[in-house]
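Trainee: Got a minute? I'd like to walk through this model with you.
Mentor: Sure, pull it up.

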Amino acid sequence: MQPKATGISPVSEYYIHTPSSLARRLYLYPLSSGCYKYSPGYFITRNSYDSFLLMYIIKGHCGIEADGKFLEAEAGQLVLLDCYQPHRYGSRDSWEASWLHFDGPTARAYDQEITARHGRILTPSSDVLGLLDEIRSSLRPPGTAGEAVLSAQLIRLLDLLLAGEEAKGEEPEKNAAADSIAYINEHFREPVPLELLAAKAGMSPFHFLRVFSQSTGLTPHQYLISTRIRAACFLLQSTSLSVKRIALDCGFSTEAAFCSTFRKREGRTPSQYRKDALL
């Protein structure tokens, strides 16, 4: 589709995606993606826009106001924004960008961890740019890509950003940890035994446990439980699903097991967490 907004060239394009209720509960999902050519003096200001934004600067430069700071992104750099918070971006000169709005249960955790490690201005690898293009292409009509595939592409993209420059030329052991994190993020609703992850990495369980723990500071089981709890927090805040349904959707075998684990980690019951979130 062609945008009709003032300051955006009509040769620009964008595509939208409406995630299913299942995707909203369980997956990371794209909401819209495009490639825009902006006229000089184009700026956009929002108090809130319910999504996270990845924006790759193809040509020119772009000024960004976010988190109470002013940042400048140049051609070849990628911007990650929490659009739930007030933000503004644009330039007095012409510029061009490829962008993706996305969201999902673990989107905020990714945003916080990536920006804590690398900031909001990133230098993406060719793999990241390839995935950004793949997702946009997948949204073009007829848009036949399944939601699980779109989620897997987003997870891989964000995991690459999380690893940052460290991922370039790193040894196979660190790659194995990154691949395992991506697998857990995609399959956290299912049983994910240590033996399965070790076999995928081509290592013994003992060796894999050491590699994963050194890379992440957590055991695979601890990372799995943390991912399930983050997903549960999102569903408690954003849906009216029952606690039991959330427990099962997030991979816990019983409601009781979920409530016990949640209370140990969050210091309150799931119902109390939901009530506090609505205040």
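Mentor: One term before we start: helices (H or I, at least four residues) and strands (E, at least two) are DSSP runs, numbered from the N terminus. This is a predicted model, where local features need pLDDT of at least 70, side-chain atom pairs count only at pLDDT 80 or more, and totals for chains, interfaces and linings use all residues. Residues are numbered from 1 along each chain as its sequence is written, and side-chain values use heavy atoms, with hydrogens and water left out.

Trainee: Okay. Which helix is R136 in?
Mentor: R136 sits in helix α3, residues 126-139.

Trainee: Is R136 buried or exposed?
Mentor: R136 is buried, at a relative accessible area of 10%. Buried means under 20% relative accessible area, exposed over 50%, partly exposed in between (1.4 Å probe, protein chains only).

Trainee: What is R136 in contact with?
Mentor: Skip the neighbours within four places in sequence, and R136 is in contact with E13, Y15, S33, G34, C35 and S98. Contact means heavy atoms within 4.5 Å.

Trainee: New topic. Which residues touch the most other members of the largest nonpolar core?
Mentor: Those are I184, I229, I246, C250, F258 and F262, out of 31 residues in that core. A nonpolar core is a set of buried Ala, Val, Leu, Ile, Met, Phe, Trp, Tyr and Cys residues joined through side-chain atoms within 4.5 Å.

Trainee: And where does the largest share of this core come from?
Mentor: From α8, which gives ten residues. Helix α8 is mostly covered, with 14 of its 19 residues buried.

Trainee: You listed C250. How far is the nearest cysteine sulfur?
Mentor: It belongs to C233 and is 9.0 Å away, and C250 is in no disulfide. A disulfide is a pair of cysteine sulfur atoms within 2.5 Å. The structure holds zero of them.

Trainee: Why no bond for C83?
Mentor: Because the closest cysteine sulfur, in C62, is 12 Å from the sulfur of C83, too far for a bond. C83 also counts as buried, at 0% relative accessibility.

Trainee: Last one, the sheet. What is the strand order?
Mentor: Four strands form an open sheet, β3-β8-β5-β6, with antiparallel pairing. Two strands pair if DSSP finds at least two bridges between them.

Trainee: Which strands stand at the edges?
Mentor: β3 (43-46) and β6 (69-74). Each has a single partner strand, so one side of each is left without a neighbour in the sheet.

Trainee: How many bridges join β3 to β8?
Mentor: Four, with β8 covering residues 87-90. Look at F43, which stands opposite G90 in β8.
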